[in-house]
There are 2 protein chains.
Amino acid sequence: MKNPIADLNKIFDSRIRLGVMSMLVVNKEIGFNDLKQMLELTDGNLASHLNTLEQAEFIKVHKGFIGRKTNTTYSITDLGRQAFKAHLDALEKMIRKL
Amino acid sequence: MKNPIADLNKIFDSRIRLGVMSMLVVNKEIGFNDLKQMLELTDGNLASHLNTLEQAEFIKVHKGFIGRKTNTTYSITDLGRQAFKAHLDALEKMIRKL
DNA sequence: ATATTTAACTTTGAAAAACAAAGTACTTTT
DNA sequence: AAAAGTACTTTGTTTTTCAAAGTTAAATAT
């Protein structure tokens, strides 16, 4: 037997980062406030998790406007999609026995 | 939309506890050393994660012998099986979109 | 024109979690 | 008698998480 958790990605140990990714997999862009409300987070907390995902280049940020109001949105990168899929595959392999 | 991470169980945020549970789901009993080797952990670290799972009554411990040598094994409880399944269901719901 | 609000952060600091290393008690093997 | 294995507990450090407050800049309300 081999270590069943070795292939899990440390970045996705966090439920919040997992939640962000799961949302970005199906929505090409999501706004900061939408994420904040959906995941019920303080802005500081959300911002720091987003920063972790950005550092890993799993997501990228778009600073734009709605009318003349600033609007920041996030989207998943190809690398992020790959890494997320790999993580889910590892998870599934781990629990396929069920 | 509703918060996609709200139904995840905090106890299973840890990859190690997730690994332990995934092993106990398919093996009715696993020894301390087997867990330790499989998950590549120090005994202190493993013991404390096992303790967390025990406190939650997700696993139970059996102190026995192999011959005249002490042997501690762990098994999943009904509650543990339920909770683990609920967690996996929540995870799956979160990512079914893929 | 001034004040308040909103957006999207950054900084600070505290609390919690994870972890390794060492120590313990007891037994077994050499 | 000495060394090694089992299953921890204790101690202390490091890492992670998080909330709260502060910041900057623009928008809206008064």
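This report covers the chain fold, the sheets, the relation of the two copies, the cavity and two lysines.

The model is predicted: local features need pLDDT of at least 70, side-chain atom pairs count only at pLDDT 80 or more, and totals for chains, interfaces and linings use all residues. Residues are numbered from 1 along each chain as its sequence is written, chains are lettered from A and ligands numbered from 1 in the order in which they are written, and side-chain values use heavy atoms, with hydrogens and water left out.

## Chain fold

Chain A has 4 helices and 3 strands. Helices (H or I, at least four residues) and strands (E, at least two) are DSSP runs, numbered from the N terminus. Along the sequence the pattern of chain A is α-β-α-α-β-β-α. The C-alpha atoms of chain A fill a box of roughly 60 × 25 × 25 Å along the principal axes.

Of the 98 residues in chain A, 47% are buried. Buried means under 20% relative accessible area, exposed over 50%, and partly exposed in between, with a 1.4 Å probe and protein chains only. Contact means heavy atoms within 4.5 Å. Take the contacts in chain A between residues at least 6 apart in sequence: 52% of them join residues at least 24 apart.

## The sheets

In chain A, 3 strands form an open sheet in the order 1-3-2, with antiparallel pairing. Strand 1 (30-31) and strand 2 (59-66) of chain A are the edge strands; each has a single partner strand, so one side of each lacks a neighbour in the sheet. Two strands pair if DSSP finds at least two bridges between them. Strands of a sheet pair through backbone hydrogen bonds, either parallel or antiparallel.

Strand 2 and strand 3 (residues 69-76) of chain A pair over 8 bridges. These two strands of chain A form a hairpin with 2 residues between them. In the turn, A:Gly67 has a positive phi of about 70°. Strand 1 of chain A is joined to strand 3 of chain A by 2 bridges, again antiparallel.

Chain B also has an open sheet of 3 strands in the order 1-3-2, with antiparallel pairing. Strand 1 (30-31) and strand 2 (59-66) of chain B stand at its edges with a single partner strand each, so one side of each is left without a neighbour in the sheet. Strand 2 and strand 3 (residues 69-76) of chain B pair in the antiparallel sense over 8 bridges.

The table lists some residue pairs across the strands.

| Residue | Partner in strand 3 | Chain |
|---|---|---|
| A:Ile30 | A:Tyr74 | A |
| A:Lys63 | A:Thr72 | A |
| A:Gly64 | A:Asn71 | A |
| B:Val61 | B:Tyr74 | B |

## Two copies

Two copies of a chain are related by a rotation about an axis and a shift along it. Here, a turn of 180° and a shift of 0.0 Å along the axis lay chain B on chain A with an RMSD of 0.1 Å. The two copies are thus related as by a two-fold rotation axis. In chain B, the C-alpha of B:Asp13 is nearest the axis, 3.1 Å from it. Copies are superposed by least squares on the C-alpha atoms of residues with pLDDT of at least 70 in both.

Of the interface residues of chain B, 100% are also interface residues in chain A, so the copies meet through the same surface.

## The cavity

The structure holds 1 cavity of 30 Å³ or more. The volume of the largest cavity is about 130 Å³. On a 1 Å grid over the protein atoms alone, a cavity is a set of points where a 1.4 Å probe fits but cannot get out; lining residues have an atom within 4 Å of a point. Grid points are joined across faces, edges and corners, and a volume is the space filled by probe spheres set on the points.

The lining of the largest cavity has 14 residues; A:Phe12, A:Leu18, B:Phe12, B:Asp13 and B:Leu18 lie nearest its centre. Helix 1 (15-26) and helix 4 (78-95) of chain A, together with helix 1 (15-26) and helix 4 (78-95) of chain B, each give two or more residues to this lining. By class, the lining has 8 nonpolar, 2 polar and 4 charged residues. Ala, Val, Leu, Ile, Met, Phe, Trp, Tyr, Cys and Pro count as nonpolar, Asp, Glu, Lys and Arg as charged, and the others, Gly among them, as polar.

## Two lysines

A:Lys28 lies in the loop between helix 1 and strand 1 of chain A. A:Lys28 counts as exposed, at 72% relative accessibility. Apart from neighbours within four places in sequence, A:Lys28 is in contact with A:Tyr74 and A:Ser75. A:Lys28 and A:Arg96 are 68 residues apart along the chain, with their C-alpha atoms separated by 29 Å.

B:Lys85 lies in helix 4 of chain B. At 48% relative accessibility, B:Lys85 counts as partly exposed. B:Lys85 and B:Val25 are 60 residues apart in sequence and 9.7 Å apart in space, C-alpha to C-alpha.

Methods: 1 Å grid on protein atoms, 1.4 Å probe; cavity = no way out; pocket = protein on both sides within 12 Å on 5 of 7 lines; lining within 4 Å.
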